[in-house]
Amino acid sequence: MKTTADLLLHPVRLRIVQALLGDRRMTTAALAAELSDVSTATLYRHVATLADAGVLEVVDEQRVRGAVERTYALRLSAAQVAEEDLLAMSPEDHRRAFMGFVAGLLADFDRYTGRGDVDLRRDGVGYRHAALWLSDEELAEFAADLRRVVEARAGHGPGDGRVRRIFTTVLMPSTP
């Protein structure tokens with residue numbers, strides 16, 4: 001039986017989940033256009049896997065040239081690794097999951113830089129390290145503050161000159 005981490009951290013499934021972040025609703029054809037480097041058969045297989053697991057839900061069906069075209073939305077609550085699954089993972093499991101996460105992030109950056117009109121300043125792209133000296137209580141407060149900032153903007157939909165942006169965080173203690 002697959003764990004939620006195994007399900008979500010597969011590179012293609014992770015990209016499907018990311019494509020639907022921000023309350024997007026997409027058909028498999030629209031997903032195929034956005035993930036153009038993924039074969040159609042592979043994409044359909046992974047969409048079906050995510051739908052069967054309840055991560056994707058069908059929000060509309062239309063008959064198109066005799067076939068049923070489904071529109072999918074992300075069930076955000078199902079697209080997260082449960083705390084008990086995280087706690088049950090070994091350090092090696094976490095290394096593999098993190099490697100998949102970072103590989104997906106690198107692939108996203110490669111696609112961005114490969115599109116030809118790259119302007120990091122215009123696009124608001126950034127990556128950096130910051131060292132914070134925080135007690136456990138200060139860390140909890142920082143995480144709550146960050147969550148409030150993100151949640152205040154997460155409900156924005158398309159329009160008004162908005163561009164969908166992916167915000168990624170990694171937080172870990174430094175090692176001596």
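What share of the contacts between residues at least 6 apart in sequence joins residues at least 24 apart in the protein chain? The share is 51%, counted among contacts in the protein chain between residues at least 6 apart in sequence, where contact means heavy atoms within 4.5 Å.

**Before you start**

This is a predicted model, in which local features need pLDDT of at least 70 and side-chain atom pairs count only at pLDDT 80 or more, while totals for chains, interfaces and linings use all residues. Residues are numbered from 1 along each chain as its sequence is written, and side-chain values use heavy atoms, with hydrogens and water left out.

**The whole chain**

Display the full protein chain as a cartoon, and eight helices and three strands can be followed; helices (H or I, at least four residues) and strands (E, at least two) are DSSP runs, numbered from the N terminus. Traced from the N terminus on, the elements run α-α-β-α-α-β-β-α-α-α-α. Taken along the principal axes, the C-alpha atoms fill a box of roughly 60 × 45 × 30 Å. If you colour by accessibility, buried residues make up 21% of the 176 residues, with buried meaning under 20% relative accessible area, exposed over 50%, and partly exposed in between (1.4 Å probe, protein chains only).

**Helix α2 and its packing against α4**

Select residues 11-20, which form helix α2. This helix is mostly covered, nine of its ten residues being buried, and the buried ones are V12, R13, L14, R15, I16, V17, Q18, A19 and L20.

Now add residues 40-52, helix α4, whose axis comes within 10 Å of the axis of α2 and crosses that axis at roughly 70°; here axes are lines fitted to C-alpha atoms, for helices over the stretch in contact, and angles run from 0 to 180 degrees between N-to-C directions. The two helices are therefore roughly perpendicular to each other, on a scale where angles under 35 degrees count as roughly parallel, over 145 as roughly antiparallel, 65 to 115 as roughly perpendicular and the rest as oblique. Show side chains at the contact, where V12, R13, I16 and V17 of α2 meet T42, L43, H46, V47, T49 and L50 of α4. The residues of this contact divide into six nonpolar, three polar and one charged, given that Ala, Val, Leu, Ile, Met, Phe, Trp, Tyr, Cys and Pro count as nonpolar, Asp, Glu, Lys and Arg as charged, and the others, Gly among them, as polar.

Within that contact, centre on R13, which is buried at a relative accessible area of 5%. The side chains of R13 and H46 are joined by a polar contact of 3.0 Å, a term for a pair of N or O atoms within 3.5 Å; within protein, one must be able to donate a hydrogen and the other to accept it, and residues adjacent in sequence count only if both atoms are side-chain atoms.

**Leaving α2: backbone angles**

Move to G22, just after α2, which takes a positive phi of about 85°. Then select D23 in the loop between α2 and β1 (25-27), where phi is near 60°, a positive value in a residue other than glycine. Most residues other than glycine have a negative phi. D23 counts as exposed, at 69% relative accessibility. To compare another such position, jump to D160 in the segment after α8 (136-154); D160 has a positive phi of about 50° although it is not a glycine, and D160 is also exposed, with a relative accessible area of 73%.

**Salt bridges**

Finally, display Lys, Arg, Asp and Glu side chains, applying the rule that a salt bridge is a side-chain nitrogen of Lys or Arg within 4 Å of a carboxyl oxygen of Asp or Glu. By this rule the count comes to twelve salt bridges.

- Select E34 and R24, whose side chains meet in a salt bridge (3.0 Å, N to O). This pair links distant parts of the chain, with E34 in helix α3 (residues 28-34) and R24 in the loop between α2 and β1, ten residues apart. E34 is partly exposed at 34% relative accessible area, and R24 counts as partly exposed at 25%.
- Select D117 and R115, which meet in a salt bridge of 2.7 Å, N to O; D117 is partly exposed at 39%, and R115 counts as partly exposed at 47%.
- Select R122 and D123, where the closest N and O atoms of the salt bridge are 2.7 Å apart; R122 is partly exposed at 46%, whereas D123 is buried at 15%.
- End on E92, D93, R95 and R96, which salt bridges with shared partners join into one network.
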